Amino acid sequence: MKNQLGLDKEYDETILVLQGGGSLGAYQAGALESLSRAGIEFDWIVGVSIGAINASIIAGNPPESRVDKLRSFWESVTTDYPPAAFAFSSASSQSLYSSLSALRCFTFGVPGFFLPRVEFPFDELIGPGDTSFYDTSPLRKLLEEHVDFDIINSGSVRLSLRSVNVKTGQVVCFDNLETRIGPDNVMASGALPPGFPPIKIGSDYYWDGGIVSNTPLSYVLDAARLGKSLIFEVDLFNSKGKEPKTINDVLERRKDIIYSSRTRTSVAHFKEIHELRRAIFLLRDVIPPEIASTPKIAELLSHGEERIFAIVRLVYSGAAFEGAAKDCEFSRVSMRRHWQAGRAAVDSALLSNQWQTPPNGVSGVALFEHDERLNKFVLAETD
């Protein structure tokens, strides 16, 4: 990992965590553009749903091609309908524009991504591969055009895609350190029911991992290697919001809460255990060797570890006019707005130097978020 900020000298690995969120995923692509412009590369990328698609494009291309491939993908799955000329500046007209765009996607699908089925999805005679409203087979071709799976499986960048086994309900992780990643693994991570069909891999069917956990931060904290880790978490749903005033506001707020990350809670719980592990690790230096070598004490000391985490959390705040279908709206106008918002979020984060040095607190874990009052990234309270 080499970059203009000198983070390669401060951290042992840099990790990118990408949440699910449909068309809002363009925000992640914009964030990646600014991160790439700053020279920040990743040792490990973890994604769910649309985050898994973005992650596979990033991991499946050389650094100099990633932004172009992301842009090509997002241009391919978005349209200029309604025409951009109808996206007037007033909130009401923009709301109508977004609603018309979402209605078009619900009715006709997204060419190159998913298309409505012609058969009736409630017919019991339909096979298990057809238990969805849309057919996602076009996505396979698009992935093959934008992802070099040989690069992914070379292991130059670790890639983990989260999914869930339909029968067992257990979350699974397709990891290129353990299994060969192909289009099916990416599609399985984004197979959100009932819109999209389950994907068969081996003898099992898999759905979108976001229906269990839309942000795999806890997995990353548990599985990160020893040393100092810098984590960029790019979320598409904001747990914070205003009190709903209309039924559309209620539906949007409900979706935000369901699919938002519980980052502060996850970090707080992790810190409790991690502080204990770090304390055990420090005991190694003060316990006499003859005591440390006894079986019971040696077993206790084996639970100690010295890992340090800095987490930079970027969250798409959304626009007031977007509504409950904001993640299903694939207009090119909205895609470019989301992309620009992702770029701006990273540019703001890069102005802060707090996270650029590993934390030295007791817990060894620090979370940095954007403070709207101060208009900058600061250390967040997690206790």
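## Pockets, helix packing and local geometry

The second largest pocket holds about 790 Å³ of space. The structure is a predicted model. The lining of this second largest pocket consists of 37 residues, and those nearest its centre are L192, F196, K255, D327 and C328. Three elements give two or more residues to that lining: α3 (50–59), α5 (91–108) and α10. Of these, α10 provides the largest share, with five residues.

The largest pocket has a volume of about 1100 Å³. It is lined by 36 residues, and N238, K240, G241, S317 and E372 are the closest to its centre. At least two lining residues come from each of α10 (247–259), β10 (307–315), α14 (332–350), β11 (365–371) and β12 (376–379). Helix α10 thus appears in the lining of the largest pocket and also in that of the second largest pocket.

The table sets out the two pockets by volume and by class of lining residue.

| Pocket | Volume | Nonpolar | Polar | Charged |
|---|---|---|---|---|
| Largest pocket | about 1100 Å³ | 15 residues | seven residues | 14 residues |
| Second largest pocket | about 790 Å³ | 24 residues | nine residues | four residues |

Helix α14, which supplies residues to the lining of the largest pocket, also packs with another helix. Two packed helices are described by the angle between their axes and the distance between the axes. The axes of α4 (residues 66–76) and α14 come within 10 Å and cross at roughly 150°. An angle over 145 degrees counts as roughly antiparallel, and α4 and α14 are therefore roughly antiparallel to each other. On the α4 side, the residues in contact are V67, L70, R71, W74 and E75, and they meet R332, M335, R336 and W339 of α14. By class, this contact has five nonpolar and four charged residues, with no polar ones.

Aromatic rings form another set of contacts. The count of aromatic pairs comes to 14. One of them joins F113 and F330: the ring centres are 5.8 Å apart and the planes stand at 90°, so this pair is edge-to-face. F113 sits in the loop between α5 and β3 (115–116), while F330 sits in the loop between β10 and α14. The two residues are 217 residues apart, and the pair links distant parts of the chain.

Two points of backbone geometry remain. Most residues other than glycine have a negative phi, and most peptide bonds are trans. The peptide bond from P193 to P194, however, is cis, with omega near -5°. P194 lies in the loop between α8 (183–189) and β7 (199–201). S49 is not a glycine, yet its phi is positive, at about 60°. This serine is located in the loop between β2 (44–48) and α3. Helix α3 is also one of the elements that give residues to the lining of the second largest pocket.

Note on methods
Residues numbered from 1 in each chain as written. Predicted model: local features only at pLDDT ≥ 70, side-chain atom pairs only at ≥ 80, totals over all residues. Heavy atoms only, no water. 1 Å grid on protein atoms, 1.4 Å probe; cavity = no way out; pocket = protein on both sides within 12 Å on 5 of 7 lines; lining within 4 Å. Points joined across faces, edges and corners; volume = space filled by probe spheres on them. Helix = DSSP H or I, 4+ residues; strand = E, 2+ residues; numbered from the N terminus. Nonpolar A, V, L, I, M, F, W, Y, C, P; charged D, E, K, R; others polar. Axes fitted to C-alpha atoms, helices over the stretch in contact; angles between N-to-C directions. Parallel < 35°, antiparallel > 145°, perpendicular 65-115°, else oblique. Contact = heavy atoms within 4.5 Å. Phe/Tyr/Trp six-rings, centres within 6.5 Å; stacked < 30°, edge-to-face > 60°.
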